[in-house]
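Colleague: I have a new model open and would like to talk through how its parts fit together. Could you walk me through it?

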Amino acid sequence: ADAMGPMADAVRAQYSLSNAMATLLTFFVFIAFALFSVPGGVLAARIGKKKLLMLGLGLNALAVLVPSLAAPSFALLLACIFLLGVGTTFLQVAGNPIMRDVSGEGAYSRNLSFAQFIKGIGSSASSYLVGLVALLPLLGGLKWRGVFPVFFVLMAMTLLAVSTLQVDEAKAEEPPSIGSSLGLLKEGPFLLAVIGIFLYVGAEVCMARFLKPTLTGFGLAEDRAALLGPTLFFASLTFGRLVGSGVLGFMSPRAFFRLSAALGLAGVVAMMGGGKALSLIGVLACGMGFANIWPLLFSLTVEERPERGAELSGLMCMAISGGAVVPMLMGRMLDQGLQALAFLVPAVCFAFLLFLALSGPKRAEA
C-alpha cells in the first residue's frame with residue numbers, strides 16, 4: 001500500500017492520466033480504511049483476530065496477483081488497489097490488538113513500537129523496491145508492474161507464516177455489532193483517542209507531502225530538500241520507533257506519550273520559525289516525536305477495555321482517513337503563500353495530542 005505513492009508517476013504515464021487522477025491510487029487505499037475499519041473490527045471480534053489477519057493477507061495476495069498476470073485497465077487497477085486497501089485495513093484492525101494477545105504482561109506498548117519500527121523499514125523499502133525491480137532482467141520488462149509478482153510472493157510467505165501462529169485471543173463477552181462499536185464513541189476517552197489518531201495521521205501525511213516544497217521555498221536545492229526533508233523525516237521516524245521500543249522497557253507508556261507529543265509539537269513549531277537551520281532541527285524533532293504516537297495512543301486505549309480491543313481497533317483504524325483530510329487544509333494555506341505558517345495545521349494536531357497525553361486516564365499510567 002505504501003508503494004502506491006512512488007508508483008503513481010509511472011501509472012500516470014502508462015494511462016495518460018492527470019495528476020489529480022493519479023492520486024486515486026492512494027485515495028482508494030484511504031477510502032478503504034474509512035469504509036471497512038469498523039466492520040473489520042466487528043468481524044475480528046466474531047471470527048477471531050487471527051482469521052481476519054489471514055483474510056487480509058489473502059485479499060492482499062489476490063490484489064497484487066491480478067496485475068502480475070496481465071496489464072489491467074485503469075478501472076481494474078483501481079479495483080485491485082481498493083481490494084489492497086481493504087486487505088491492509090484488516091491487517092491493521094487485527095494486527096494491532098493481536099499484538100497484545102501475544103505480548104507478556106506490560107510489554108504491549110514496547111512490542112507495538114518495535115512492530116512499527118519493522119513496518120517503517122518495509123514502508124521505506126517499498127519505494128526502493130519499485131525502482132530496483134525495474135533493473136532486473138526477468139521483471140524489468142513488466143515495467144511498473146514488475147513489483148507486483150514480488151509483493152505476491154511476500155504476501156504468500158507471510159500468509160503461510162501467520163497460519164502457524166499460536167494465539168490465545170482475548171474474547172468479547174457478547175458478539176459486537178457496528179452499532180455497539182460506534183457506541184464506544186459515546187465514551188469520552190475513546191472519542192478523544194479516535195480524534196487523536198485522525199489528527200496524528202493527518203499531521204504525518206502533512207510532513208511527508210509538504211516538507212520538500214517548503215524547504216525548497218526556504219532556498220534549498222530540490223535534491224537537498226528531498227534528502228533533508230521527507231527522507232530525513234522518515235529516517236528519524238524509523239529510528240525513533242527503534243529507540244521507543246527500548247525506552248518503553250523502563251518508562252511508562254503514558255510518560256513516553258507526553259514526551260513524544262511535546263517533542264513533536266516543538267519540532268513543528270520550529271518549522272514555523274522558518275529558515276534552513278531551524279527547519280532541519282524541526283524535521284529531526286518531528287521524526288523522533290511522531291515516531292511512537294500511534295503505538296502509544298493505540299495501546300493505551302486498548303488497555304482500557306482489552307475485551308473490546310477489536311472494536312476499538314476498528315474505530316482507530318477508521319481514523320486513518322485523517323491522512324486524506326488534514327493535508328488538504330495545509331495545502332490550501334500553502335497555495336495562499338503562507339509557507340512556514342502553514343505548519344500551524346500539524347502544530348494544532350500535536351497540541352491536541354499533547355493535551356490528550358496530559359489528561360489521559362490514570363489507569364493507563366501502569
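Colleague: At what angle do helix H12 and helix H17 pack?

Modeller: Happy to help! This is a predicted model, where local features need pLDDT of at least 70, side-chain atom pairs count only at pLDDT 80 or more, and totals for chains, interfaces and linings use all residues. Residues are numbered from 1 along each chain as its sequence is written, and side-chain values use heavy atoms, with hydrogens and water left out. Helices are DSSP runs (H or I, at least four residues), numbered from the N terminus; H12 covers residues 253-272 and H17 residues 344-358, and with axes 9 Å apart they pack at an angle of about 160°.

Colleague: Which word describes how H12 and H17 run relative to each other, and why?

Modeller: Axes are lines fitted to C-alpha atoms, for helices over the stretch in contact, and angles run from 0 to 180 degrees between N-to-C directions. Angles under 35 degrees count as roughly parallel, 65 to 115 as roughly perpendicular, over 145 as roughly antiparallel and the rest as oblique. H12 and H17 pack at about 160°, so they are roughly antiparallel.

Colleague: Is serine 260 buried or exposed?

Modeller: Serine 260 sits in helix H12. Buried means under 20% relative accessible area, exposed over 50%, and partly exposed in between (1.4 Å probe, protein chains only). Because its relative accessible area is 2%, serine 260 is buried.

Colleague: Which residues does serine 260 contact, leaving aside its neighbours within four places in sequence?

Modeller: Contact means heavy atoms within 4.5 Å. With those neighbours left aside, serine 260 is in contact with Gly289, Asn292, Ile293, Leu296 and Phe350.
Phenylalanine 350 in turn has Ser260 among its contacts, including also Tyr200 and Phe290. So the list asked for serine 260 is Gly289, Asn292, Ile293, Leu296 and Phe350.

Colleague: Which helix gives the largest share of the largest nonpolar core?

Modeller: A nonpolar core is a set of buried Ala, Val, Leu, Ile, Met, Phe, Trp, Tyr and Cys residues joined through side-chain atoms within 4.5 Å. The largest one has 91 residues, and Phe350 is among those that touch the most other members. Its largest share, 12 residues, comes from H10.

Colleague: How far apart are the C-alpha atoms of phenylalanine 210 and leucine 334?

Modeller: Phenylalanine 210 lies in helix H10, residues 188-217, and counts as buried because its relative accessibility is 9%. Beyond its neighbours within four places in sequence, its contacts include Leu334. Although phenylalanine 210 and leucine 334 are 124 residues apart along the chain, their C-alpha atoms are separated by 8.8 Å.

Conventions:
Helices (H or I, at least four residues) and strands (E, at least two) are DSSP runs, numbered from the N terminus.
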